[in-house]
Amino acid sequence: HYEGSTGIAPWDRILRALEVTGVITNVFVYLLVSSELRTQPAIWQAIYLGSAVAGIFIVKAIIAAVMPDVPDSVKVAVAKERWRVDASIKYEEKLLVETKSPPGGTPDVLTEAGLSGSEDSEESQ
């Protein structure tokens with residue numbers, strides 16, 4: 001990560017602002033270039049401009065709702081990877097528990113601490 005990086009969120013906002021600016025600019029250009037609209041009164045030009053911009057954004061919203069942000073194949077791959085990571089962590093935890101406890105079950109606290117009775121009696125002799 002670069003220092004000060006916060007992900008893609010700032011770029012998302014910038015791209016959305018450019019999108020809105022682009023749509024409005026293109027509708028204005030069409031309005032200025034269209035010979036049919038130049039002959040209309042200003043109120044009709046404004047109504048056309050507003051309805052064109054609204055229509056474009058409605059179509060954009062419909063397309064955004066229909067098309068997923070993340071493809072299904074990517075969702076499946078991420079789910080599989082999470083499952084593999086979780087399974088490996090559980091397996092490692094199981095191995096760690098098995099290596100710390102004797103075959104009988106619970107670990108002998110005195111033996112782990114080096115305080116078993118047999119070692120103390122050998123050292124004192």
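Helix axes here are lines fitted to C-alpha atoms over the stretch in contact, and the angle between two of them runs from 0 to 180 degrees between N-to-C directions. With that in mind, welcome to this structure, which is a predicted model.

**The overall picture**

Let us start with the whole chain. The protein chain holds six helices and zero strands, so its elements, read from the N terminus on, run α-α-α-α-α-α. Of the 125 residues in the protein chain, 8% are buried. The accessible surface comes to about 10900 Å², and carbon and sulfur atoms account for 65% of that surface.

**How α1 and α3 meet**

Two packed helices are described by the angle between their axes and the distance between the axes. Helix α1 covers residues 9–33, while helix α3 covers residues 42–66. How do the axes of α1 and α3 cross? They come within 10 Å of each other and cross at roughly 140°. An angle has to be over 145 degrees to count as roughly antiparallel, and α1 and α3 are therefore oblique to each other. The crossing in which α1 passes α3 is right-handed.

**Salt bridges along the chain**

How many salt bridges are there? The count comes to three, and the table lists them with the N to O distance for each pair.

| Pair | Location | N to O distance |
|---|---|---|
| Asp-12 and Arg-16 | helix α1 | 3.6 Å |
| Glu-19 and Lys-60 | helix α1 and helix α3 | 3.4 Å |
| Arg-84 and Glu-81 | helix α4 | 3.7 Å |

Begin with the pair inside α1. Asp-12 and Arg-16 are four residues apart, about one turn of the helix. Asp-12 has a relative accessibility of 34% and so counts as partly exposed. Arg-16, at 44% relative accessible area, is partly exposed as well.

Which helices does the salt bridge between Glu-19 and Lys-60 involve? Glu-19 and Lys-60 meet through their side chains, and the pair links distant parts of the chain, with Glu-19 in helix α1 and Lys-60 in helix α3, 41 residues apart. These are the two helices whose axes come within 10 Å. Glu-19 is partly exposed because its relative accessible area is 27%, which lies between the 20% limit for buried and the 50% limit for exposed. Lys-60 is partly exposed too, at 32% relative accessibility.

The remaining pair sits in helix α4, which spans residues 72–100. Arg-84 and Glu-81 are three residues apart there, again about one turn of the helix. Arg-84 has a relative accessible area of 48%, so this residue is partly exposed. Its partner Glu-81 counts as partly exposed at 42% relative accessibility.

**A nonpolar patch on the surface**

Now for another kind of surface feature. Which residues make the nonpolar surface patch? Ile-58, Val-59, Ile-62, Ile-63, Val-66 and Met-67 form this patch, with an area of about 600 Å². Among them, Val-59 is found in helix α3. Is Val-59 buried or partly exposed? Val-59 is partly exposed, because its relative accessible area is 47%. A residue needs over 30% relative accessible area to be part of a patch, and Val-59 with its 47% therefore meets that cut-off.

Terms used
Residues numbered from 1 in each chain as written. Predicted model: local features only at pLDDT ≥ 70, side-chain atom pairs only at ≥ 80, totals over all residues. Heavy atoms only, no water. Patch = residues over 30% accessible without salt bridge, like charges linked within 9 Å, V, L, I, M, F, W, Y side chains within 5 Å. Areas by Shrake-Rupley, 256 points an atom, 1.4 Å probe, with all protein chains shown as cover. Salt bridge = Lys/Arg side-chain N within 4 Å of Asp/Glu carboxyl O. Buried < 20%, exposed > 50% of the residue type's maximum accessible area, 1.4 Å probe, protein only. Parallel < 35°, antiparallel > 145°, perpendicular 65-115°, else oblique. Left-handed = near helix turned anticlockwise from the far one by under 90°.
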